[in-house]
Amino acid sequence: MLTDEQREVRELVRTLARERIASRAAEIDKSAEFPWDIVELFRENGLFGLMFDEEYGGVGASALLTLVAIEEVSKQCATSGLILAAQELGALGIKLAGSPEQKDRLLPKLASGEWLAAYALTEAGSGSDSAAMASEATRDGDGYVLNGSKRFITNAGVAQLYTCFAKTDRTSRHRGISAFVVEAATPGFEVGRIEPKLGIKGSTTGEIFFDECVVPAENRIGEEGEGFALAMRVLDRSRPGIAAQALGIAQGATDYAAEYAKGRETFGEPIGSHQLVAGMLADMETRCEAARGLLYRCGQMIDDGIEGPELTKLSAMTKLFCSDTAMAVTTDAVQILGGYGYIQEYPVERMMRDAKITQIYEGTNQIQRLVIAREMLRD
Ligand SMILES: Cc1cc2nc3c(=O)[nH]c(=O)nc-3n(C[C@H](O)[C@H](O)[C@H](O)COP(=O)(O)OP(=O)(O)OC[C@H]3O[C@@H](n4cnc5c(N)ncnc54)[C@H](O)[C@@H]3O)c2cc1C
């Protein structure tokens, strides 16, 4: 599905990830510290620019190429792959619905990687049911006063730009929500606890608070009441990024298990010669290739400018299939390595822990199934 030029970029990112990121993955997992050196590597090599148009300092946005880059990086390190996926997630609101002034002011900083971005939708009381959010934005003269909090926000504390959602009309559910750009330095904006967690340990996941946080009206993205629809449009475009992260993890684990199966001997033969192990490897590889087919098709659909129900459905299917593949395949990789799969010296236990989140964030896989079925059953 890729053009020669796209294959070249894939090869460049693949080499970069093998040579510069693979050796950092275990340390990032162990220290659970945000890897600024990887951000610097992405800046130096222009990887953030893949997601942005040339007029904003990017290299000409391509969804497919961005997904390929996230996949290649995540093969080596899922935390590092998420840095790219989260940049796209945090930027998409502005890309899709920002004013020309917002785009000119903010996108170049994101395209160069000078600023990292975050997307703040989830709250303590509203995850899957995001329209039940309690954060409020009250109009006051030339600005809005934000009050409330968000939970589980990727890049909390490391991002300079937060795309935030809050109620401008409490009497309404979906239609009462608006979107805002909040810069980290804004008075009344604070980062709270960063959560220790099972996997993607180098990525920060934290609370953010708005306490009488005044945001200028020119930071509202789109019109009042359009925030929920925008949040969903963003997810249609960003879920494939999580699918790419998931597929990278799955392919990384499959490749590792295949190499291991060539070298490890039992009963006088490499374990890959035992048919039960060979069959597992074949299933793992097949699942990854099927997942890649969906992922690349979804990237191409975005690049072709297709939006609406068709993208909503394919993007949910892609995230669902790639993340379920990642969980199944990494579990099998641990099995193929036997006891060695379960210990930290080998990367597949990390990959299995990293895989789990892909079934949860940007909408759990139960929610993806509901989205797919809703599109199927629409009159
Ligand atoms: C590491 C990490 C990073 C994250 N990053 C971000 C971020 O950057 N920005 C952001 O806004 N959010 C982020 N999230 C939040 C994430 O998207 C939510 O946790 C997720 O959408 C689920 O919401 P919840 O945790 O409130 O679970 P709940 O909504 O309470 O769901 C609990 C369980 O019930 C199921 N369930 C709920 N409703 C239904 C239903 N109608 N039918 C069937 N089953 C249902 C769910 O599938 C789940 O299994 C992150 C979370 C984590 C853990």
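**Notes on a predicted model**

1. Start with a charged cluster. Salt bridges link E11, R14, E72 and K75 into a network. Keep in mind throughout that this is a predicted model. Opposite charges on side chains can pair when the charged atoms come close.

2. Look at K75 within that network. K75 sits in helix α4. Its side chain makes a polar contact of 3.2 Å with the side chain of E72. Is K75 buried or exposed? K75 has a relative accessible area of 12%. Buried means under 20%, so K75 counts as buried.

3. Now take helix α4 as a whole. The helix covers residues 63-76, which makes 14 residues. At 1.5 Å a residue, α4 should span 20 Å. The C-alpha atoms at its ends are 21 Å apart, so expectation and model agree. Of the 14 residues in α4, 13 are buried, so the label "mostly covered" fits. The N-terminal end of α4 has a cap, S62. A side-chain oxygen of S62 lies 3.5 Å from the backbone nitrogen of L64.

4. How many salt bridges does the structure hold? The count is 25. One of them joins the side chains of D29 and R353, at 2.8 Å from N to O. This pair links distant parts of the chain. D29 is in helix α2 (residues 25-31), while R353 is in helix α11 (residues 348-357). The two residues are 324 residues apart. D29 is buried, because its relative accessible area is 11%. R353 is buried too, with a value of 16%.

5. Stay with helix α11 for another pair. R350 and D354 both lie in α11. They are four residues apart, about one turn of the helix. They form a salt bridge whose closest N and O atoms are 3.9 Å apart. The cut-off for a salt bridge is within 4 Å, so the pair counts. R350 is buried, at 8% relative accessible area. D354 is buried as well, at 4%.

6. R193 and E195 give a further salt bridge. Their closest N and O atoms are 2.9 Å apart. E195 has 14% relative accessibility, so E195 counts as buried.

7. Turn to the ligand. Which residues come nearest? There are 19 residues around the ligand, and Y119, T122, S128, F152 and T364 come nearest. A backbone N or O atom of Y119 lies 2.8 Å from a nitrogen atom of the ligand. A polar backbone atom of F152 is also 2.8 Å from a ligand nitrogen atom. T364 uses its side chain: a polar atom there lies 2.6 Å from an oxygen atom of the ligand. On its own, the ligand has 980 Å² of accessible area, and the protein covers 65% of that.

8. Check the backbone angles next. Most residues other than glycine have a negative phi. N155 has a positive phi, near 80 degrees, and is not a glycine. N155 lies in the loop between β3 (143-154) and β4 (161-167). N155 counts as buried, because its relative accessibility is 2%.

9. F267 is another non-glycine residue with a positive phi, about 50 degrees. F267 lies in the loop between β9 (265-266) and β10 (269-270). Is F267 buried or exposed? Exposed means over 50%. At 81% relative accessibility, F267 counts as exposed.

10. Helix α9 deserves a length check. It runs over residues 309-336, which makes 28 residues. At 1.5 Å a residue, the expected span is 40 Å. The end C-alpha atoms are 40 Å apart, so the two agree. Just after α9, G338 takes a positive phi of about 60 degrees.

11. Now the surface. Y340, Y342 and I343 form a nonpolar patch there. Together they have about 350 Å² of accessible area. Y342 belongs to helix α10 (residues 339-342). Its relative accessibility is 69%, so Y342 counts as exposed.

12. One loop residue remains. S203 is placed in the loop between β6 (189-194) and β7 (205-216). S203 is buried, because its relative accessible area is 5%. S203 and R105 are 98 residues apart along the chain, and their C-alpha atoms are separated by 26 Å.

Methods: Residues are numbered from 1 along each chain as its sequence is written. This is a predicted model: local features need pLDDT of at least 70, side-chain atom pairs count only at pLDDT 80 or more; totals for chains, interfaces and linings use all residues. Side-chain values use heavy atoms; hydrogens and water are left out. The expected span of a helix is 1.5 Å times one less than its number of residues. Buried means under 20% relative accessible area, exposed over 50%, partly exposed in between (1.4 Å probe, protein chains only). A polar contact is a pair of N or O atoms within 3.5 Å; within protein, one must be able to donate a hydrogen and the other to accept it, and residues adjacent in sequence count only if both atoms are side-chain atoms. Patches are made of residues with over 30% relative accessible area and no salt bridge: like charges are joined within 9 Å, nonpolar side chains (Val, Leu, Ile, Met, Phe, Trp, Tyr) within 5 Å. Accessible areas come from the Shrake-Rupley method with a 1.4 Å probe; for residues, only the protein chains shown count as cover. A residue is near a molecule or strand if one of its heavy atoms lies within 4 Å of it.
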